Amino acid sequence: MHCPFCGQKDTRVLDSRESSEGLSIRRRRSCESCRRRFTTYERVEELNPTVVKKDGRRENFDRDKLLLGLRKACEKRPVSMEQLEAAALAIERKVQELGDKEVASSLIGQEAMVQLSSLDQVAYVRFASVYRSFRDISEFMAELAELLQQESMKKAIEGKPHEASAG
């Protein structure tokens, strides 16, 4: 490791500590030549795939762009930033676990819908309406009917009666 102050190659590690999340190692170093101290961080290189868009364009996976889409769907909804961060992380990990160099944007959209459906149903419907580009109200209503059916089945499994909501 080269010293950032004098450029010499001879440095030594004084202290190493794992970060609180366990995703990086912080190393305190000292230059043998100029005796100045500096800190370095060691992280696993994350190899995110290229995202293949519907129109065939390709772009690098962008976690911030994903998080922005999730935030827009959850605008003015009772979903915390921590929940959104966790959802984005889960989607990113799923994409990385595939191990593919390229991944279809549709897969990322599907994963986002899975995450949002467990966080907030209104946010899920907002995201689905943009993601699926409903052509008319009947497609939108079909999606809502499916969501209501899933919710009804989930409550039946949990042993709770279905509650009709007042609009």
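Start by selecting Val52 and Arg58: Val52 stands opposite Arg58, which belongs to strand 5. Keep in mind as you go that this is a predicted model.

Now widen the selection to the two strands. Strand 4 covers residues 50–52, and its pairing with strand 5 is antiparallel, over 3 bridges. Add strand 6 and you have an open sheet of 3 strands, ordered 5-4-6, with mixed pairing. The edges are strand 5 (58–60) and strand 6 (102–104), each of which pairs on one side only. Look along the sheet for the twist, which averages 35 degrees from one strand to the next.

What packs on this sheet? Bring up residues 105–119. That's helix 3, which touches strand 4 and strand 6 and runs at about 60 degrees to the direction of strand 6.

Next, pick out Ile108 and show its surroundings. Setting aside residues up to four places away in sequence, Ile108 touches Val51, Phe61, Leu66, Ile91, Val95 and Val103. Ile108 is also a good way into the largest nonpolar core, which has 25 residues. Select Leu66, Leu70, Ile108, Leu116 and Phe127 together: these touch the most other members of that core. To see where the core comes from, colour helix 1 (63–73), helix 2 (81–98), helix 3 and helix 4, the elements that each give two or more residues to it. Which helix gives the most? Helix 4 does, with 6 residues. As a general backdrop, nonpolar side chains in soluble globular proteins tend to be buried together.

Stay with helix 4 (residues 121–131) and add helix 5 (residues 137–158). Their axes come within 11 Å and cross at roughly 150 degrees, and the crossing is right-handed. For the contact itself, show side chains on both helices. Helix 4 brings Gln121, Tyr124, Val125 and Ser129, while helix 5 answers with Phe140, Glu143, Leu144, Leu147 and Glu151. By type, the residues of this contact split into 5 nonpolar, 2 polar and 2 charged.

For the last stop, jump to strand 2 (residues 24–31) and click on Ser24. Is Ser24 buried or exposed? Its relative accessible area is 10%, so Ser24 falls under the 20% cut-off and counts as buried. Show what lies around Ser24: leaving out neighbours within four places in sequence, Ser24 is in contact with Arg17, Glu18, Ser19, Glu42 and Arg43.

Terms used: Residues numbered from 1 in each chain as written. Predicted model: local features only at pLDDT ≥ 70, side-chain atom pairs only at ≥ 80, totals over all residues. Heavy atoms only, no water. Axes fitted to C-alpha atoms, helices over the stretch in contact; angles between N-to-C directions. Helix = DSSP H or I, 4+ residues; strand = E, 2+ residues; numbered from the N terminus. Left-handed = near helix turned anticlockwise from the far one by under 90°. Contact = heavy atoms within 4.5 Å. Nonpolar A, V, L, I, M, F, W, Y, C, P; charged D, E, K, R; others polar. Pairing = 2+ DSSP bridges. Core = buried A, V, L, I, M, F, W, Y, C linked by side-chain atoms within 4.5 Å. Buried < 20%, exposed > 50% of the residue type's maximum accessible area, 1.4 Å probe, protein only.
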